[in-house]
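Hi everyone, thanks for making time for this. I'd like to walk you through one model, so let me put it on the screen.

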Amino acid sequence: MLFNSNEFIFLFLPIAFALYFFLNAKVSILAGKVWIILASLFFYSWWNINYLPLIVLSILVNFFISQALMKEPKAKKSYLLLGLAFNIGLLGYFKYMDFFIKNFNWGFGTDVPLLHLALPLAISFYTLQQIAYLVDSYGGLVKEKNFLDYTIFVTFFPQLIAGPIVHHKEMMPQFASLENKIINHKNIATGIFIFSIGLFKKVVIADSFAKWANLGYANVDVLNLIEAWATSLSYTFQLYFDFSGYTDMAIGAALLFNIKLPQNFNSPYKATGLIDFWNRWHMTLTRFITTYIYKPFLKSLGKISFEKAMIATIFTMFIAGLWHGAAWTFVIFGILHGLAIAVNHYWKRSKIGMPHWLAWFITFNFLNFSFIIFRAENMDTALSMFKTMFAGEIVLYEKFGAYLGFLTQYGIEFGDVFQHIKGQAQTVAYILLAFIIVLAMKNSTYFKDHFTSSKYTLAATLIMFIVAVSMASKFTEFLYFNF
Amino acid sequence: MTRTEINDIIVNEIKKVLENDTVELNAETVIQDIPEWDSLNNVDLEMTLETECGIDFEVGEFEELKTLADMIDTVKKKVN
């Protein structure tokens, strides 16, 4: 069930919400908890019920290993290793097995058949969250041990499928808190407001860019230079509005239940460096990999030095790239980002200044290029896109021909500029508007934190909500569901 | 180890990694809010405290500590 579908907005969410508070008030807190778990598992099974046993198994195994680990300190290392092996094994089998077989076949000239497993929805997200719980149990940092709260922490439907990647320490106390069991009108108003912003971002902005980006990537070989730039920018904006729109909807839906999810985006395209970018983009993933991969890896290298820190950074970003999917394009994406962060650190150390606008310009273009590799089916497509962006055929608007006709002697043509991506003046307008939104506007976290109920916020909510719902004719899936 | 000693280690390390002697620090300073502070600096500080005070932070433990005072409290508890 997608957040932008009618069955979610008009049936599932209102029913889940109403029954939750009814049970809390009239029956018991326990009933409320059981209800939210059942509702979340139903939400999960809506796509494909075959993977329900997998998530239930993952929860049971992780919870019981964590408890055993805390009860028997002597054997805790064995339990930790067992737990890690289970999680990484599960993720490895379902997500990376075919990738491994393909590369094995290629390297050794063998012909091992592929397994063709479909990626179980959300497995990348719920596995990470549970690894954190397990590692923290090992470190003696876990205080909450209630099984129901743990299960809600993993399955709570607003964040189950594509994050934010929550941490047990910020979630489990919220599920245990009695204060959160009472309906809170301010949270409901704020939640609906933020949900509407997210819905608008997804349906109106991201899905418009998706049309041009998809056509562009499907026709890489015939694009002209301007189309190639429009395609790559469309995807860069689609990715941001799709993912941050999803996150806003998650944060809004959770607020209805008085649950505060962590911030995941902080105007990332305003970043003036790659270190800055990763502190603003998918912030909960950055937090996870910094704490659970980067630091332990760096510490394992012995006495810290700048060079070792850079190696750890590149290694961590390699893992982060691979986390997005089992393909070489993601590996290259991760390593490129690792290298760029290292360059950023070296530059910072050098204390050489750089104008703010130039730092932004370099950062944004790096991101736009790296997202081509991220999006392309393979490196050939990505390289072909780069080539067209710098050496492609230049086609300008037909109308300009009257004044600029002399340019034809330089190989410039006049015609239908955006014919292969079925774009028109609207495409240019959308790209310009998107730049204004991501660079000049406050972000949804700001709006959430400064929310007050008034006729203006009500009007804004209604407009965004109605426009988005009326435009959501076909429900395109969220990009991050594939990761 | 006294609170002052731990405080000095932290303050000196922050000044050293930022190469900045004029940065204003007190017990209530939130480390993450220091301008130019990044995750690399944070690991530096964590590992310096581990070596100089002879302690060990668990994975994820150091990130929990927001202010200078939080760090001093936690280190003090571990030393004794």
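How much area is buried between chain A and chain B, and what share of it do carbon and sulfur atoms give? Before I answer, please keep in mind that this is a predicted model. The area buried between the two chains is about 1700 Å², and carbon and sulfur atoms give 61% of that. On the chain A side, the residues that lose the most area to chain B are A:K295, A:K299 and A:I304, and together they make up 33% of what that side buries. Counted by residues, the contact takes 22 from chain A and 20 from chain B.

Let's turn to the polar side of this interface. Across it, the rule finds 6 salt bridges. One of them involves a residue I just mentioned: A:K295 forms a salt bridge with B:E46, and their closest N and O atoms are 2.5 Å apart. There are also 7 residue pairs in polar contact across the interface, with both residues at pLDDT 80 or more.

Which helices of chain A each supply at least two residues of the side that touches chain B? They are helix 5 (123-138), helix 12 (283-300), helix 13 (306-324) and helix 14 (328-350). Helix 12 gives the most, with 8 residues. If you sort the chain A side by class, you get 11 nonpolar, 5 polar and 6 charged residues.

Now let me step back to chain A as a whole. Its secondary structure comes to 20 helices and 2 strands. The C-alpha trace spans about 80 × 60 × 50 Å along its principal axes. Does that go with a compact globule or against one? For 483 residues, a compact globule would have a radius of gyration near 23 Å, and chain A has 24 Å, so the value agrees. Of those 483 residues, 54% count as buried. Among contacts in chain A between residues at least 6 apart in sequence, 75% join residues at least 24 apart.

Here is one residue to click on: A:S444, in helix 19 (residues 444-449) of chain A. Is A:S444 buried or exposed? Its relative accessible area is 9%, which is under the 20% cut-off, so A:S444 is buried. Leaving aside neighbours within four places in sequence, A:S444 is in contact with A:I194, A:I197, A:K201 and A:D248.

I'll finish with some backbone geometry. As a reminder, most residues other than glycine have a negative phi, and most peptide bonds are trans. With that in mind, please look at the bond that joins A:G163 and A:P164: it is a cis peptide bond, with omega about 5 degrees. A:P164 sits in the loop between helix 7 (157-160) and helix 8 (168-176) of chain A.

Then there are two positive phi values. A:A122 is not a glycine, yet its phi is positive, about 75 degrees. A:A122 lies in the loop between helix 4 (76-108) and helix 5 of chain A, and at 2% relative accessibility it counts as buried. In chain B, B:E19 has a positive phi near 50 degrees, and it is not a glycine either. B:E19 lies in the loop between helix 1 (3-18) and helix 2 (39-53) of chain B. At 53% relative accessibility, B:E19 counts as exposed.

That's my tour, and I'm happy to rotate the view for anyone who wants another look.

How values were computed
Residues numbered from 1 in each chain as written. Chains lettered and ligands numbered in written order. Predicted model: local features only at pLDDT ≥ 70, side-chain atom pairs only at ≥ 80, totals over all residues. Heavy atoms only, no water. Contact = heavy atoms within 4.5 Å. Buried area = accessible area lost by both parts, 1.4 Å probe. Salt bridge = Lys/Arg side-chain N within 4 Å of Asp/Glu carboxyl O. Polar contact = N/O pair within 3.5 Å; in protein donor to acceptor, adjacent residues only side chain to side chain. Helix = DSSP H or I, 4+ residues; strand = E, 2+ residues; numbered from the N terminus. Nonpolar A, V, L, I, M, F, W, Y, C, P; charged D, E, K, R; others polar. Rg over C-alpha atoms; globule rule 2.2 N^0.38 Å. Buried < 20%, exposed > 50% of the residue type's maximum accessible area, 1.4 Å probe, protein only.
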